[in-house]
Amino acid sequence: MAGEEDRTHAQKRPETGTLLDARGLTKRFGDILANDRVDLAINTGEIHALLGENGAGKSTLVKMFYGSLEPDGGAISWQGRTVAITSPAEARALGIGMVFQHFSLFEALTVAENIALAFPKPGNMRKLAARIREVSEDYGLPLDPDAVVADLPVGIRQRIEIVRCLLQEPRLIIMDEPTSVLTPQEADRLFLTLQRLASEGCAVLYISHRLEEVQRICHHATILRHGKVVRECDPTRETAASLARMMVGTEVMGVSITDHEPAIGRTRLALRNLTSPATNPFATELRGINLDVRAGEVVAIAGVAGNGQGELFDAVSGEVRVGPDMVCLDDGPCGNRDITWRRRRNAAFVPEERLGHGAVPGMKLSQNVILTRHGTGDGLSSAGFLSSKMAVGIEQRIKKTYDVRMSHDDPEARSLSGGNLQKFVVGRELDRKPGILVVNQPTWGVDAGAAALIRQALIDLARSGSAVLVISQDLDEIFEIADRIAVISRGHLSGAEDARTMTRERIGLLMAGDAEKAGAA
Amino acid sequence: MFEAVLLTVITAATPLLIAAIGELVVERSGVLNLGVEGMMIMGAVVGFAVANQTGSGSLGVVAAIGAGMAMSALFAFLVLVMVTNQVASGLALTILGLGLSGMIGEAFIGVPGLKLPELHIPFLSDLPFIGPVVFQQDALVYVAFALVAGVSYMLFRTRMGLVLRSVGDNHASAHALGYSVIKVRFLAILFGGACAGLAGAYMSLAYTPQWVENMTAGRGWIALALVVFASWLPWRVVAGAYLFGAVTVLTFHAQAQGFGIPSQFLSSLPYLATIVVLVLISANRRLTLVNTPACLGKPFVPDR
């Protein structure tokens with residue numbers, strides 16, 4: 001196989017202390033070989049990074065370790081003994097724990113109940129609650145066992161998953177993109193916990209897109225591409241660029257900002273004391289948000305998930321109506337207008353959730369094109385009739401420009417992988433060259449190459465005279481593309497500051513609540 | 001007089017209570033079975049037929065439970081194995097039950113029925129007023145209360161209940177943790193079927209001991225509504241069922257007194273009153289949201 005030749009052993013692996021050793025693991029889904037004879041060895045006390053683009057087969061591989069998927073070929077040995085891990089319960093019994101990327105928590109249940117579900121015999125709930133308190137405080141991740149998960153912010157939810165793992169006294173913890181929902185400070189705390197675990201002899205298999213993190217905390221890295229192991233290396237001896245190159249196979253283009261002093265024009269999107277009550281018990285109230293986005297610039301809103309980003313997006317896009325003067329587009333007040341009215345006035349919106357919100361799962365891509373663009377002067381609709389031919393034309397153009405990969409022509413939205421669908425929903429709006437673009441999490445779950453493409457397109461759109469507002473939880477992304485940065489925290493928005501003088505520390509402080517003061521000031 | 005009214009309230013409420021508590025368990029597991037009416041009427045006709053043929057009320061009850069379970073097993077096969085649409089399958093189950101029961105019951109129309117005996121609990125049943133009302137009921141009234149208490153305990157105090165609620169809240173996570181979503185749901189649906197069958201038996205063996213076509217008269221639908229308006233909480237179902245029973249009986253008396261209110265309005269009153277009151281008590285949106293099974297009605301297909 002191709003991977004064999006260019007594999008190097010950057011680090012001598014001690015033969016003793018191998019905890020988990022996978023040999024030739026293969027998994028096939030229909031025609032696709034998700035994992036092709038993957039070899040991977042994890043040592044005791046090692047933080048081992050698993051790197052790869054979307055669809056490289058990382059999740060498939062760890063699901064086989066955790067017993068959620070059964071391998072079609074190959075063998076796993078655990079502490080020197082060949083084992084068949086046929087269920088998650090069996091994996092947990094061996095000492096393998098997992099923290100999922102999309103949390104596997106039950107929102108309607110309490111913290112203690114969620115944790116009890118992961119144990120075959122949790123015993124007395126009161127004793128379990130006491131254990132949760134003790135262990136979570138010991139590791140600096142305090143939890144209230146009686147809190148209902150639905151009421152908790154994302155950072156705390158991840159703690160539940162981690163504490164649930166720790167209570168099982170695991171020998172190996174698998175973490176799937178753990179920092180994607182954390183503030184920089186919360187991530188630092190997580191790294192301390194991981195380093196402590198490693199020093200206690202527990203191994204960690206760490207999946208992440210963030211190469212700086214991998215370099216900072218991981219001892220060893222295995223890189224997957226198209227289901228095969230292409231490299232193993234010591235990440236501390238690599239650069240972020242060289243790691244990215246190994247993942248993608250070619251050079252990854254960073255975004256190029258040709259014009260560091262963009263020609264800033266008039267204000268095209270203005271939020272004036274935008275206030276909106278919480279519509280349900282789990283929503284966030286927006287409290288007096290002020291922001292100007294001007295022609296030629298990209299303004300980014302940073303913040304930890306669940307601090308009002310979704311509510312802000314809904315108010316700006318028109319899914320939730322507010323006072324007319326609270327949202328102004330070029331032509332004036334529109335806070336009480338619907339989304340189509342705003343689209344007709346040259347604004348475009350990309351929501352966070354691509355499947356079910358950004359696109360209708362059961363409809364073809366060309367039909368999804370019509371859904372957001374029927375009223376925007378593309379000629380898709382005339383005298384009440386729709387032109388599907390034209391829609392297919394636009395769909396083809398998006399496919400080509402944004403490299404949307406599909407198995408056959410014009411498939412249903414649900415058949416696309418997450419990253420590909422994201423390219424489509426962002427591309428659909430970019431294709432219009434809107435004067436005002438608001439996008440929530442533009443590159444969530446998109447691989448490095450495609451993310452760079454989308455980011456470059458956002459910058460180019462701004463430089464051509466549009467106003468671009470990006471809501472993102474990815475600070476690397478924000479620093480890459482934003483001209484000005486504001487931070488949202490519990491429904492307050494801090495003033496937008498120049499990206500060149502903004503620091504991560506300051507963003508972290510604003511995320512943690514200083515935005516409220518800064519917004520009020 | 002008041003005593004007699006109370007007695008009729010209890011008999012009017014019991015079938016609703018039994019059917020609703022079964023459906024509550026089904027919905028807590030994340031499945032919406034709209035076939036309650038169909039399973040209930042099958043329980044009624046099979047229970048009546050078996051009791052009539054064997055002369056044993058108990059055998060009739062057991063057969064009714066079996067009939068409800070058989071109907072629900074069909075539903076479970078359709079929605080869990082074939083992954084059909086739950087709403088359509090449930091409606092089909094009701095239509096099937098109504099038709100099939102009419103066919104089976106044709107021979108039993110006008111045949112005198114068998115009434116389940118009342119249990120006289122020694123000494124207690126001799127108490128004035130309380131005795132006849134509380135301690136002189138047929139066995140199924142006590143069974144209904146035992147079911148509510150048992151289900152409530154099971155749901156919120158046992159591991160089985162925790163797993164059931166977790167499957168209803170997030171089937172993907174339950175699956176990822178290694179619980180068998182299909183198995184849990186299958187058992188829950190069977191329990192719901194058993195309860196609906198039992199409720200049907202109550203109709204034809206205790207409430208009005210005879211067979212009349214379509215005799216459940218929409219009580220299966222009321223049971224479904226009760227579950228929703230009770231925010232999936234067992235003791236609230238009791239409140240709803242008894243309120244419905246009380247208003248039903250009151251309207252009979254009102255008609256007998258001849259208040260000059262149109263009878264159509266009076267007979268719609270129990271439905272109206274139950275819904276209004278339950279809407280009011282479910283006004284606490286937070287509580288309702290937390291108790292609503294988030295996966296209700298969503299089909300589950302495990303990864304390969």
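Two strands count as paired if DSSP finds at least two bridges between them. The exercises below use a predicted model.

**Exercise 1. The sheet**

Determine the strand order of the open sheet in chain A, its pairing sense and its edge strands.

Solution.
1. The open sheet has four strands, and their order is β12-β11-β14-β15 (chain A).
2. The pairing in this sheet is antiparallel.
3. An edge strand pairs on one side only; in chain A this applies to β12 (286-294) and β15 (332-333).
4. Take the pair β11(A) and β12(A) as an example: β11(A) covers residues 267-276, and six antiparallel bridges join the two strands.
5. Within this part of the sheet, Ile289(A) of β12(A) has Leu274(A) opposite.

**Exercise 2. A helix on the sheet**

State which strands helix α10 of chain A lies across, and its angle to β12(A).

Solution.
1. Helix α10(A) consists of residues 309-317.
2. The strands under α10(A) are β11, β12 and β14 (327-329) of chain A.
3. The helix runs at about 60° to β12(A).

**Exercise 3. Two packed helices**

Describe how α14(A) and α15(A) are arranged and which residues make their contact.

Solution.
1. Helix α14(A) spans residues 418-430 and helix α15(A) spans residues 448-463.
2. Their axes come within 11 Å and cross at roughly 15°.
3. Angles under 35 degrees count as roughly parallel, and α14(A) and α15(A) are therefore roughly parallel to each other.
4. The crossing of α14(A) with α15(A) is left-handed.
5. On the α14(A) side the contact residues are Gly419(A), Lys423(A), Val426(A) and Leu430(A); on the α15(A) side they are Ala450(A), Ile454(A), Ala457(A) and Leu461(A).
6. Sorted by class, this contact has six nonpolar, one polar and one charged residues.

**Exercise 4. The contact between the chains**

Work out how many residues each chain gives to the contact, and which helix of chain B gives the most.

Solution.
1. Chain A contributes 20 residues and chain B contributes 17 residues.
2. In chain B, α7 (159-169), α8 (171-176) and α13 (285-291) each supply at least two residues of the side that touches chain A.
3. With five residues, α7(B) gives the most to that side.
4. The side of chain B that touches chain A has seven nonpolar, four polar and six charged residues.

**Exercise 5. A covered helix**

Decide how many residues of helix α2 of chain A are buried, and describe the phi of Gly67(A).

Solution.
1. A residue is buried if 20 or more other C-beta atoms lie within 10 Å of its own.
2. In α2(A), residues 58-65, eight of eight residues are buried.
3. Among them are Lys58(A), Lys63(A), Met64(A) and Phe65(A).
4. Gly67(A) follows α2(A) and has a positive phi, near 80°.

Definitions and conventions
Residues are numbered from 1 along each chain as its sequence is written. Chains are lettered from A and ligands numbered from 1 in the order in which they are written. This is a predicted model: local features need pLDDT of at least 70, side-chain atom pairs count only at pLDDT 80 or more; totals for chains, interfaces and linings use all residues. Two residues are in contact if their C-beta atoms, placed from the backbone, lie within 7 Å. Axes are lines fitted to C-alpha atoms, for helices over the stretch in contact, and angles run from 0 to 180 degrees between N-to-C directions. Angles under 35 degrees count as roughly parallel, over 145 as roughly antiparallel, 65 to 115 as roughly perpendicular and the rest as oblique. A crossing is left-handed if the near helix is turned anticlockwise from the far one by less than a right angle, and right-handed if clockwise. Ala, Val, Leu, Ile, Met, Phe, Trp, Tyr, Cys and Pro count as nonpolar, Asp, Glu, Lys and Arg as charged, and the others, Gly among them, as polar. A residue is buried if 20 or more other C-beta atoms lie within 10 Å of its own, exposed if 12 or fewer, and partly exposed in between; C-beta atoms are placed from the backbone.
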